[in-house]
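Colleague: I'm new to this one. Can you put it up and take me through it?
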Amino acid sequence: MTKRLSDLGILMVLVLIGFCLKGWYIGETSIGTDESFSIYSAQASVTKIISVLNTGDNPPLWEILLHYWNTLWGVNLLASRILSLIFNVLTIVPLYLLGERYIGKHVGLIASLLFLSSSFGLFIAHEARVYSLIGFLATTSSLLFLGLQHNPERLRQHLLLAVVNMLIFYSHYLGVWIIVVQVLSLALIPRSRAAINSKYIYQYLTLAVLCIPQLPTIWNRLMTSGTNGTWISKSGGIADIYYMILKYTNAPVMAVVFILLTLAAVVFARKQRDQQTIIYYLTFWLWVPLTISFLLSYKTGFFLDRYFYFVTPALYLLGAACIHLMLRKQNRTKWLVYGLLCIGMFSGLKLQSSEHRYSGYHKDVRPLATLMQKSQKEENTAILVTPEWFTKDIIYYYDFELFTTYFDEFNEQAKFKAPLRQQHIYCTSAPLMTAELADYNQILMIDENQGNLHITDAILTELEKEFAQDTAYSLETRRIFKYTRK
């Protein structure tokens, strides 16, 4: 009882610290592209969310949760981010319990502090997207799975694990790696294999039945991505793995330290039979998704930092576990090394997500909305926004009522083409024919084609048939062009 009360007290303090650290600047940055997609989509009915998202790369669970959350708190960026913040901070609970129950005293505490000190984790907490949910579910799934290694007869826990893994499947397709890791653990880790009984059949049958509705969609997406590729660059070399770990550990020195710790943990676990199962499982959880996905990304790019956020709890647990195993009988030295590790992480923590430059980082779109509103006061001026998908970000600030009411073009990339054209705003991913711009003497073009400059060049070539460029400049990495009719 005393141990449980102590754990509860520590968890309450950690959760409070988590909300304070990660929530302080949560509303600082403007809406990000993927956030606008989720918040916009979540406004539709649940049946429409499912039908529309099943045609793309996003399973529907996050948008469904966001739909009901925003029904309670209203459609706004801050409320949507708070839902992500909650899942992100609550990940501390299963993370702490994994360390304390299955590795050693204070391992859960140190791993939780490392988790809290990650700048990337803070960025994910500030993103109204599915990644915090995946991290929470993957860590909870691992806690349930390892619990079954010690008591495999609990049918209720088997079924609960099946439900949690099903939720992962309906949240993000790459989260399925956690199921693969658990199957590999049952096949390759002796103590896990010894725990297998008939109840595992019920678990996986339940999981299979619950996932059947989504199987055709995931198969279609795998075939499409494998054939046509994705928007993500293919792997460029082994350094990509290092840079992935670097993003999760704040600084180059810390990245090297954590890589060494995760590898050394396996060596030290061989001498500690009681910790072998958890260390091997954590090793699989971290390195199997990263290494195999890295290799597959030589063919089809999908090796992206936020997609693999769910492996970070294993990274921090392995770092703390290695120190615990290495210095098991040297308590003072162990706490000194724990302290240095935590200081190293916290020294690299950036609380303001505007300073972060991860994939999908939030460039401020509010000045663009202001620029559009100002330009609309000029007579005979048309505004071009490219590419189409970028329109959602700007419209959130330019015309919030339109963002929350217009759904007639839900299946189109650009949701607002018809009403925007009435306001002389054109969103496009291809050149507009100059005939469409015949009534305008001036053109303002906002370009977000990062990495697709051939699209921009094609649009500019078409414009220059009848317009002369006045100015060109950058605004938060976006290119702005102004043209006047010749």
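Modeller: This is a predicted model. Take K247 to begin with: K247 is partly exposed, with a relative accessible area of 30%.

Colleague: Which residue does K247 form a salt bridge with?

Modeller: The partner is D305, and the closest N and O atoms are 3.2 Å apart. The two sit in distant parts of the chain, 58 residues apart: K247 is in helix α15 (residues 239-249), and D305 is in the loop between α17 (276-296) and α18 (312-326).

Colleague: And D305, buried or exposed?

Modeller: D305 counts as buried because its relative accessible area is 1%, and buried means under 20%. K247, at 30%, is partly exposed.

Colleague: What else is around there?

Modeller: A pocket. Both residues are among those closest to the centre of the second largest pocket, together with D240, F303 and L304. In total, 14 residues line that pocket.

Colleague: What volume does the second largest pocket have?

Modeller: About 230 Å³. Its lining is mixed, with 6 nonpolar, 3 polar and 5 charged residues.

Colleague: Back to salt bridges. How many are there in the whole structure?

Modeller: The search finds 13. Another one to look at is E448 with R478, where the closest N and O atoms are 3.1 Å apart. That pair also links distant parts of the chain, 30 residues apart. E448 is in the loop between β3 (442-447) and α24, while R478 is in strand β5 (residues 478-485).

Colleague: How accessible are those two?

Modeller: E448 is buried, at 7% relative accessible area. R478 is buried as well, at 2%.

Colleague: What about R485, which residue is its salt-bridge partner?

Modeller: E466, with the closest N and O atoms 2.8 Å apart. R485 is in strand β5, and E466 is in the loop between α24 and β4 (467-475), 19 residues away.

Colleague: Why does R485 count as partly exposed?

Modeller: Because its relative accessible area is 25%, and partly exposed covers the range between the buried limit of 20% and the exposed limit of 50%. E466 falls in that class too, at 31%.

Colleague: Which residues do shared salt-bridge partners join into one network?

Modeller: K363, E448 and R478.

Colleague: Changing topic. How many cavities of 30 Å³ or more are there?

Modeller: The count is 2. The largest cavity holds about 40 Å³ of space, and the second largest also holds about 40 Å³.

Colleague: What lines the largest cavity?

Modeller: D57, N58, P59, W62, E63, R129, V130, S171 and H172. By class, that lining divides into 3 nonpolar, 3 polar and 3 charged residues.

Colleague: And the second largest cavity, what is its lining by class?

Modeller: There are 7 nonpolar residues, 1 polar and 1 charged. The lining residues are L384, T428, A430, P431, L432, L437, I459, E462 and L463.

Colleague: Which helix gives the most to that lining?

Modeller: Helix α24 (residues 453-463), with 3 residues.

Colleague: Last one, the surface. Which residues make the nonpolar patch of about 330 Å²?

Modeller: L5, L8 and M12 make that patch. L8 is in helix α1 (residues 2-23).

Colleague: Why can L8 be in a patch at all?

Modeller: Patches take residues with over 30% relative accessible area. L8 is at 47%, so it clears that cut-off and counts as partly exposed.

Conventions
Residues are numbered from 1 along each chain as its sequence is written. This is a predicted model: local features need pLDDT of at least 70, side-chain atom pairs count only at pLDDT 80 or more; totals for chains, interfaces and linings use all residues. Side-chain values use heavy atoms; hydrogens and water are left out. On a 1 Å grid over the protein atoms alone, a cavity is a set of points where a 1.4 Å probe fits but cannot get out, and a pocket is an open set with protein on both sides within 12 Å along at least five of seven lines; lining residues have an atom within 4 Å of a point. Grid points are joined across faces, edges and corners, and a volume is the space filled by probe spheres set on the points. Ala, Val, Leu, Ile, Met, Phe, Trp, Tyr, Cys and Pro count as nonpolar, Asp, Glu, Lys and Arg as charged, and the others, Gly among them, as polar. Helices (H or I, at least four residues) and strands (E, at least two) are DSSP runs, numbered from the N terminus. Patches are made of residues with over 30% relative accessible area and no salt bridge: like charges are joined within 9 Å, nonpolar side chains (Val, Leu, Ile, Met, Phe, Trp, Tyr) within 5 Å. Accessible areas come from the Shrake-Rupley method with a 1.4 Å probe; for residues, only the protein chains shown count as cover. A salt bridge is a side-chain nitrogen of Lys or Arg within 4 Å of a carboxyl oxygen of Asp or Glu. Buried means under 20% relative accessible area, exposed over 50%, partly exposed in between (1.4 Å probe, protein chains only).
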